[in-house]
Amino acid sequence: MVFASLEFLTLFLPLFLLVYAAVPASWRNAVLMFSSWIFYGWWSPLLLLLFIALILVGWIGGMAIDSTRTERQRMLILVAFITINLSVLCWYKYANILVETFNQVLSWNGAMPVPWQKIALPIGLSFIVLQSISYLIDVQRRVVPADRSLVNFGAYQAMFVHLIAGPIIRYDWVARELRERTVDWPQFTQGARRFMIGFGMKVLIADTLSPLVQTAFSLSAPTFLDAWLGCFAYSLQLFFDFAGYSAMAIGLGLMLGFHFPENFNHPYLATSIQDFWRRWHLSLSSWLRDYLYIPLGGNRKGEARTYVNLLLTMAIAGLWHGGDNWNYLLWGIAHGLALAGTRLWGHASLPEPPAVLSRVLTLLFVMLAWTLFRAHSFGSALDMYAGQFGLNGYALGDALRVQLRPAHVMAMVLGVLCIVYPAMDAWLARGGRPALLRAWDGAWPVAGFLLGFSLIASRGAVPFLYFQF
């Protein structure tokens with residue numbers, strides 16, 4: 001079940017909201033927890049058992065840490081429970097690719113491969129584990145007390161509104177609202193509007209571009225136009241798919257009385273790669289900073305160690321995304337090198353390029369890195385790069401020419417307009433925004449939602465891209 005599906009919109013969400021509104025406030029966390037289990041178990045009842053086990057591990061681990069007074073014992077318990085979480089994540093994430101890589105080495109030496117049945121990656125496992133780790137560390141640091149209520153902690157960890165693809169919500173952000181929250185009509189309507197905006201981003205832009213992206217990244221010898229059209233379409237698809245999910249999650253949270261932080265801040269308008277990571281997937285960026293980069297030493301142990309920490313942090317970020325190939329690790333290393341290079345440029349007191357050029361260069365790097373991120377394998381990424389540098393000719397190939405439709409062009413134009421709209425809106429605001437635009441701000445989420453609903457009714461639901469992580 002996905003947010004942008006008929007099952008969710010016409011069955012699960014209406015029934016859940018009716019029950020949630022009807023029960024006393026003291027029962028709402030229980031309703032939220034059990035409903036979230038149903039939501040997760042819709043894919044696989046067996047994997048739901050793993051999900052519940054991880055909730056119990058986090059809950060027991062928090063109480064074990066909180067009940068221990070000596071710092072050494074608290075740290076030992078923390079390490080033990082983090083190890084449990086990471087072991088589960090690494091098993092499901094990397095068992096397949098490690099065995100595949102090992103079998104490739106064996107084949108090079110003429111040996112028989114190891115028999116192996118591929119393991120399915122539980123949806124949202126990476127987000128579940130990061131939330132649990134942040135909670136355990138915050139309890140160990142005494143940022144938050146351990147939650148003694150399994151229902152409250154279970155509602156936090158299982159909350160279906162952000163369970164599958166974020167934002168990565170820290171316990172400290174919602175601790176007060178888990179105990180007591182207000183649900184009122186103005187907040188509910190505000191949340192519904194955010195949900196509709198995210199729904200439109202996902203269905204009208206991301207899902208429309210999906211077939212075009214699939215075709216482009218399946219070409220063995222893409223031309224210059226093939227490769228760049230595919231890369232551009234994927235850059236839009238990924239942003240509007242993921243940012244659309246985050247907007248829907250934030251909107252659903254508001255409808256239930258929770259206030260989640262924003263997860264994107266116009267990342268494609270960034271003026272540097274550092275600025276990009278201050279705008280893209282903010283909950284992950286802040287998690288990596290607070291629970292990985294700073295504990296590694298951050299920038300407090302000299303310049304050389306700072307560059308090492310940047311590379312390690314981004315390499316681990318790549319590994320967190322990855323699972324089916326090593327491209328994600330290389331993508332993380334590329335971003336780590338870019339962050340280190342940007343820092344080195346600043347420390348060398350070299351002149352800053354103009355803002356427009358900085359935006360163009362940053363976006364160009366991000367798009368080239370997305371090529372590696374999206375490609376099926378390293379060889380496929382090299383094929384796309386060959387096309388992007390014009391090694392296979394320049395004209396649009398037959399496969400994309402047949403695939404390309406007016407709807408794809410409209411989706412790309414709409415995506416670009418949405419990306420540059422903040423700058424346009426700021427410019428218009430200086431002279432007073434026309435009444436027509438003010439009216440459109442209120443009408444377009446509903447219009448986009450209705451159009452998107454009709455599209456999923458005709459073509460079916462498309463899974464979110466970040467489900468694979």
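**Figure 1. Lining of the second largest pocket in the predicted model.** By residue class, seven nonpolar, five polar and three charged residues make up the lining of the second largest pocket. The coordinates shown here and in the following figures belong to a predicted model. The volume of this second largest pocket is about 520 Å³. Fifteen is the size of the lining set, and of these 15 residues Gln274, Trp277, Arg278, Ser285 and Arg289 are the closest to the pocket centre. Four helices each supply at least two residues of the lining, namely helix 10 (273-277), helix 11 (282-293), helix 12 (303-321) and helix 13 (327-347). Helix 11 gives the most, with six residues.

**Figure 2. The largest cavity and its lining.** The search returns one cavity of 30 Å³ or more. The largest cavity has a volume of about 30 Å³. Its lining consists of Pro267, Tyr268, Ala270, Phe276, Arg359, Thr362, Leu363 and Val366. Helix 14 (residues 355-374) contributes the largest share of this lining, four residues. Classified by residue type, the lining of the largest cavity comprises six nonpolar residues, one polar residue and one charged residue.

**Figure 3. The aromatic pair Phe276 and Trp277.** Across the whole structure, 49 aromatic pairs are found. In the pair shown, the ring centres of Phe276 and Trp277 are 5.6 Å apart and the ring planes stand at 85°; because this angle is over 60 degrees, the pair is edge-to-face. Phe276 and Trp277 are both buried. Each residue also appears in an earlier view: Phe276 lines the largest cavity, and Trp277 is among the residues closest to the centre of the second largest pocket.

**Figure 4. The aromatic pair Phe449 and Phe453 in helix 18.** The rings of Phe449 and Phe453 form a tilted pair, with 6.3 Å from centre to centre and 40° between the planes. Both residues belong to helix 18 (residues 435-459), where they are four residues apart, about one turn of the helix. The two differ in accessibility class: Phe449 has a relative accessible area of 17% and is therefore buried, the limit being under 20%. Phe453, at 28% relative accessibility, counts as partly exposed.

**Figure 5. The side chain of Lys93 and the backbone of His321.** Lys93 is part of helix 4 (residues 71-108). With a relative accessible area of 3%, Lys93 is buried. The Lys93 side chain reaches the backbone oxygen of His321 at a distance of 3.2 Å. This distance lies within the 3.5 Å cut-off applied to polar contacts.

**Figure 6. Cysteine environments at Cys231 and Cys90.** The structure contains zero disulfides. For Cys231, the closest cysteine sulfur is that of Cys418, and the separation of 19 Å is too far for a bond, because a disulfide requires two cysteine sulfur atoms within 2.5 Å. Cys231 counts as buried, with 1% relative accessibility. Cys90, by contrast, has a relative accessible area of 44% and is partly exposed.

Notes. Residues are numbered from 1 along each chain as its sequence is written. This is a predicted model: local features need pLDDT of at least 70, side-chain atom pairs count only at pLDDT 80 or more; totals for chains, interfaces and linings use all residues. Side-chain values use heavy atoms; hydrogens and water are left out. Buried means under 20% relative accessible area, exposed over 50%, partly exposed in between (1.4 Å probe, protein chains only). A polar contact is a pair of N or O atoms within 3.5 Å; within protein, one must be able to donate a hydrogen and the other to accept it, and residues adjacent in sequence count only if both atoms are side-chain atoms. On a 1 Å grid over the protein atoms alone, a cavity is a set of points where a 1.4 Å probe fits but cannot get out, and a pocket is an open set with protein on both sides within 12 Å along at least five of seven lines; lining residues have an atom within 4 Å of a point. Grid points are joined across faces, edges and corners, and a volume is the space filled by probe spheres set on the points. Ala, Val, Leu, Ile, Met, Phe, Trp, Tyr, Cys and Pro count as nonpolar, Asp, Glu, Lys and Arg as charged, and the others, Gly among them, as polar. Rings of Phe, Tyr and Trp (its six-membered ring) pair if their centres lie within 6.5 Å; planes under 30 degrees apart count as stacked, over 60 as edge-to-face and the rest as tilted.
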